[in-house]
Amino acid sequence: MFEPRTGGAPAPTTGYRRGVSADPSQRAVEVRRSARRRRTVSAYREGERTVVLIPARMSEAEEARWVGVMLDKLAAQESRRTLGDAELTERAERLSEQYFGSRARPRSVRWVTNQNTRWGSCTPAEGSIRLSHRLRGMPEYVVDYVLLHELAHLLVPAHGPRFWRLLEAYPKTERARGYLEGVVAAERLPAPSDPSAAPGVPSDLPAVPAAREE
């Protein structure tokens with residue numbers, strides 16, 4: 001079973017330097033601070049550049065955290081592709097082969113809409129894996145991590161040292177966990193008081209791309 005972890009601010013997910021992309025093949029990043037922007041963070045594409053808007057009072061550490069979150073969210077929107085249950089099963093099989101030597105063999109992998117407090121769940125006796133529909137649209141490496149988490153339960157049912165050692169093989173484990181912790185933290189924030197915030201969206205993780213604030 002994989003439940004959302006609670007925590008404070010989201011962990012860093014993407015390294016970057018202002019004006020320089022972490023990946024040379026991607027756009028440069030420009031951070032713009034605004035004294036009018038009090039609580040919200042937003043991002044959008046501007047030609048070959050990604051612009052991230054943050055409050056002027058935000059520290060450099062907070063800036064790094066939220067730039068990573070917003071870059072991931074933009075990437076997820078741009079690469080959004082709805083996987084059906086059959087594709088999800090094929091993906092799980094490939095991940096099992098790559099990281100577990102095909103030892104984890106699920107009988108069924110499917111999306112469900114009744115898991116609002118868990119990212120995924122597994123019934124080892126049945127070989128069934130279920131992923132929350134809330135993962136749809138998140139970055140692929142996050143979906144892969146949740147799939148691997150549930151695949152690992154087919155080999156080791158409990159969350160013990162052997163279980164966590166299995167997940168160490170996946171190089172983006174900590175990054176994916178940080179992303180999901182950021183989602184949980186954002187959902188727990190109070191409603192936005194800043195009039196520039198998008199309606200119905202947590203104050204520190206608004207919908208993107210957002211309208212540019214002048």
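Is Tyr 179 buried or exposed, and what is its relative accessibility? In this predicted model, Tyr 179 has a relative accessibility of 9% and therefore counts as buried, since the cut-off lies at 20%. The surroundings of this residue are taken up again below, after an outline of the chain.

The chain holds five helices and six strands. Read from the N terminus, these elements follow the order β-β-β-α-α-β-β-β-α-α-α. The chain has 214 residues, and 47% of them count as buried. Among contacts with a separation of 6 or more, 56% join residues that are 24 or more positions apart. The exposed area comes to about 11,100 Å², of which carbon and sulfur atoms supply 48%.

Helix 2 makes a convenient place to start. This helix covers residues 85-100, and at 1.5 Å a residue its 16 residues should span 22 Å; the end C-alpha atoms are 21 Å apart, which agrees. Its buried residues are Leu 88, Thr 89, Arg 91, Ala 92, Leu 95, Ser 96 and Phe 100. Viewed down the helix axis, these residues fall within an arc of 160 degrees, so they line one face of helix 2. The face turned away from that buried side carries the exposed residues Ala 86, Glu 97 and Gln 98. The cover over the buried residues includes strand 4 (108-112), strand 6 (128-132), helix 3 (140-155) and helix 4 (161-167).

The backbone just beyond helix 2 also deserves a look. Gly 101, just after the helix, takes a positive phi of about 60 degrees. Ser 102 has a phi near 65 degrees, a positive value in a residue other than glycine. Ser 102 belongs to the loop between helix 2 and strand 4, and with a relative accessible area of 27% this serine is partly exposed.

Strand 6, one of the elements covering helix 2, contains Leu 131. The relative accessibility of Leu 131 is 0%, so this leucine counts as buried. Leaving aside neighbours within four places in sequence, Leu 131 is in contact with Leu 88, Arg 110, Trp 111, Val 112, Gln 115, Trp 119, Gly 120, Val 143, Val 146 and Leu 147. Leu 88 in that list is also one of the buried residues of helix 2. For Gly 120, the C-alpha atom is separated from that of Leu 131 by 4.3 Å, although the two residues are 11 residues apart along the chain.

Trp 119, another contact of Leu 131, is found in the loop between strand 4 and strand 5 (120-123). This tryptophan is buried, with a relative accessible area of 0%. Its C-alpha atom lies 8.4 Å from that of His 133, a residue 14 residues apart from Trp 119 along the chain. The ring of Trp 119 has the charged end of Arg 134 over it, 4.2 Å from the ring centre.

Where do aromatic rings pair, and how many such pairs does a search of the whole structure find? The search finds three aromatic pairs. One of them joins Tyr 141 and Tyr 179 edge-to-face, with 6.5 Å centre to centre and 80 degrees between the planes. Tyr 141 lies in helix 3 and Tyr 179 in helix 5 (residues 173-187), so the pair ties together parts that are 38 residues apart in sequence. Tyr 141 has a relative accessibility of 7% and so counts as buried, and Tyr 179, at 9%, counts as buried too. A further pair is formed by Phe 163 and Trp 164: the ring centres are 5.0 Å apart and the planes stand at 85 degrees, so this pair is edge-to-face. Phe 163 counts as buried at 0% relative accessibility, whereas Trp 164 is partly exposed, with a relative accessible area of 31%. Returning to Tyr 141, the charged end of Arg 175 sits over its ring, 4.3 Å from the centre.

Helix 5, the home of Tyr 179, completes the description. This helix has 15 residues and reaches 21 Å from its first C-alpha to its last, close to the 21 Å expected at 1.5 Å a residue. Of these 15 residues, 12 are buried, so helix 5 is largely enclosed by the rest of the structure. The buried residues of helix 5 include Tyr 179 along with Thr 173, Ala 176, Arg 177, Gly 178, Leu 180 and Glu 181. Gly 182, Val 183, Val 184, Ala 185 and Ala 186 are also among them.

Note on methods. Residues are numbered from 1 along each chain as its sequence is written. This is a predicted model: local features need pLDDT of at least 70, side-chain atom pairs count only at pLDDT 80 or more; totals for chains, interfaces and linings use all residues. Side-chain values use heavy atoms; hydrogens and water are left out. Helices (H or I, at least four residues) and strands (E, at least two) are DSSP runs, numbered from the N terminus. The expected span of a helix is 1.5 Å times one less than its number of residues. Buried means under 20% relative accessible area, exposed over 50%, partly exposed in between (1.4 Å probe, protein chains only). The arc is that of the directions from the helix axis to the C-beta atoms. Contact means heavy atoms within 4.5 Å. Rings of Phe, Tyr and Trp (its six-membered ring) pair if their centres lie within 6.5 Å; planes under 30 degrees apart count as stacked, over 60 as edge-to-face and the rest as tilted. A charge sits over a ring if NZ of Lys or CZ of Arg is within 6 Å of the ring centre and within 35 degrees of the ring normal. Accessible areas come from the Shrake-Rupley method with a 1.4 Å probe; for residues, only the protein chains shown count as cover.
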